[in-house]
Amino acid sequence: MKTPKYITLQEVKLNNNCPECYSTEGLELTFKQRFVENALYKAITDDLINEMHCKVCDTAIFPVRWTDEIEQVVAYQKRAATPKPKSIKLKRLGWLFILADLLVLIVVILLITGVLSF
Ligand SMILES: [Zn+2]
């Protein structure tokens with residue numbers, strides 16, 4: 001299994017108390033969107049995840065530690081977050097593949113129509 005890759009979509013500073021150090025200065029919610037990348041293309045999926053981190057005590061805040069207030073804020077931010085549209089970006093190798101396919105197709109058509117003969 002390949003580990004999923006994510007791009008950071010948005011970072012939101014929260015004013016809530018950190019469940020670990022109780023500071024109101026450090027909580028940050030990060031939205032990430034998953035993408036897949038291979039030799040041929042890079043594709044953005046509509047998979048969205050979020051992570052919370054406190055910059056003051058440098059701790060990852062997992063959902064089990066969230067208070068009701070934090071959950072409400074996260075739910076609100078989730079609705080406000082706009083993911084990038086799903087897209088596929090072909091890499092050079094991907095284009096080469098398509099071009100090669102196209103060339104083969106053209107040759108086949110030319111052969112069938114009798115324009116080209118060996
Ligand atoms: Zn903290």
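The site of the zinc ion is tetrahedral, with angles of 103 to 117° among its four donor atoms. Four donors count as tetrahedral if all angles lie between 85 and 135 degrees. For comparison, the ideal angle for four tetrahedral donors at a metal is 109.5 degrees. The protein donors are Cys-18 (SG), Cys-21 (SG), Cys-54 (SG) and Cys-57 (SG), which lie 2.2 to 2.3 Å from the zinc ion. Donors are N, O and S atoms within 2.8 Å of the metal (3.2 Å for Na, K and Ca), and since water is not among the atoms, sites may look incomplete.

This is a predicted model, in which local features need pLDDT of at least 70 and side-chain atom pairs count only at pLDDT 80 or more, whereas totals for chains, interfaces and linings use all residues. Residues are numbered from 1 along each chain as its sequence is written, and side-chain values use heavy atoms, with hydrogens and water left out.

**The zinc site along the chain**

Along the chain, the donors of the zinc ion follow the spacing C-x2-C-x32-C-x2-C. Cys-21, in the loop between β1 and β2, and Cys-57, in the loop between β3 and β4, form a pair that links distant parts of the chain, 36 residues apart. Strands (E, at least two residues) and helices (H or I, at least four) are DSSP runs, numbered from the N terminus. Cys-21 is partly exposed, with a relative accessible area of 28%, and Cys-57 is partly exposed as well, at 27%. Cys-54, by contrast, is buried, with a relative accessible area of 0%. Buried means under 20% relative accessible area, exposed over 50%, and partly exposed in between (1.4 Å probe, protein chains only). The structure holds zero disulfides, a disulfide being a pair of cysteine sulfur atoms within 2.5 Å.

**Salt bridges**

Side chains of opposite charge can pair when their charged atoms come close. The structure holds seven salt bridges, each defined as a side-chain nitrogen of Lys or Arg within 4 Å of a carboxyl oxygen of Asp or Glu. The table lists three pairs, including their N to O distances.

| Pair | Closest N to O distance |
|---|---|
| Glu-20 and Arg-65 | 2.7 Å |
| Lys-55 and Glu-28 | 3.2 Å |
| Lys-32 and Glu-51 | 3.1 Å |

Glu-20 and Arg-65 link distant parts of the chain, 45 residues apart: Glu-20 is in the loop between β1 (5-13) and β2 (27-37), and Arg-65 in the loop between β4 (59-60) and α1 (68-80). Glu-20 is partly exposed at 37%, and Arg-65 is partly exposed at 38%.

Lys-55 lies in the loop between β3 (41-54) and β4, while Glu-28 is in strand β2, 27 residues apart. Lys-55 is partly exposed at 49%, but Glu-28 counts as buried at 13%.

Lys-32 in strand β2 and Glu-51 in strand β3 are 19 residues apart, and Glu-51 is partly exposed at 38%. In addition, Lys-5, Glu-37 and Lys-91 are linked in a network of salt bridges.

**Confidence**

The protein averages a pLDDT of 93, and 98% of the residues score at least 70. The pLDDT is the predictor's confidence in each residue, from 0 to 100. Confidence is lowest in strand β5 (residues 87-90), at a mean of 92, and highest in β4, at 97.

Definitions and conventions:
Four donors count as tetrahedral if all angles lie between 85 and 135 degrees; four count as square planar and six as octahedral if opposite donors are over 155 degrees apart and all others between 65 and 115; anything else is irregular.
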